[in-house]
Amino acid sequence: ARMKEELGKKVWVETRVLAHAREEDNVFEVWLESYDIELLHSKKRALANNKGWTGPAVCDDAQVEYLVEEVRFLVSDEKRYSYTFNVDLA
């Protein structure tokens with residue numbers, strides 16, 4: 001509801017329910033498929049201490065606010081016409 005309220009027709013929200021998932025599987029993720037595919041929130045990766053994942057496990061009001069702002073940027077023309085440069089120094 002929040003994404004639709006803030007971004008209107010710029011985003012389409014889809015919910016996928018995995019019938020075989022159990023609550024203890026901690027499968028709650030937020031993905032954005034736009035110019036790139038971005039994983040924005042993952043309860044499973046946060047609880048599993050996944051290397052490289054620094055996001056929180058809980059999707060509280062602060063996290064929802066972060067997600068709205070991140071999606072707003074990721075669907076913007078600024079992002080569309082920019083370059084992403086990743087350097088792995090390891």
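The largest share of the lining of the largest pocket comes from β1, with five residues. This is a predicted model, where local features need pLDDT of at least 70, side-chain atom pairs count only at pLDDT 80 or more, and totals for chains, interfaces and linings use all residues. Residues are numbered from 1 along each chain as its sequence is written, and side-chain values use heavy atoms, with hydrogens and water left out.

A pocket here is an open set of points on a 1 Å grid over the protein atoms alone where a 1.4 Å probe fits, with protein on both sides within 12 Å along at least five of seven lines; lining residues have an atom within 4 Å of a point. Strands are DSSP runs of E, at least two residues, and helices are runs of H or I, at least four, numbered from the N terminus.

The lining counts 33 residues, and nearest the centre lie E14, T15, E29, V30 and W31. At least two lining residues come from each of α1, β1 and α3.

Now α3. This helix covers residues 61–74, 14 in number, and spans 20 Å from first C-alpha to last, close to the 20 Å expected at 1.5 Å a residue, the expectation being 1.5 Å times one less than the number of residues. Its buried residues (under 20% relative accessible area, 1.4 Å probe, protein chains only) are Q63, L67, V68, V71 and L74. They sit on the same side of α3 because their arc around the axis is only 140 degrees, taken from the directions from the helix axis to the C-beta atoms. The face turned away from that buried side carries D61 and A62, which are exposed, meaning over 50%.
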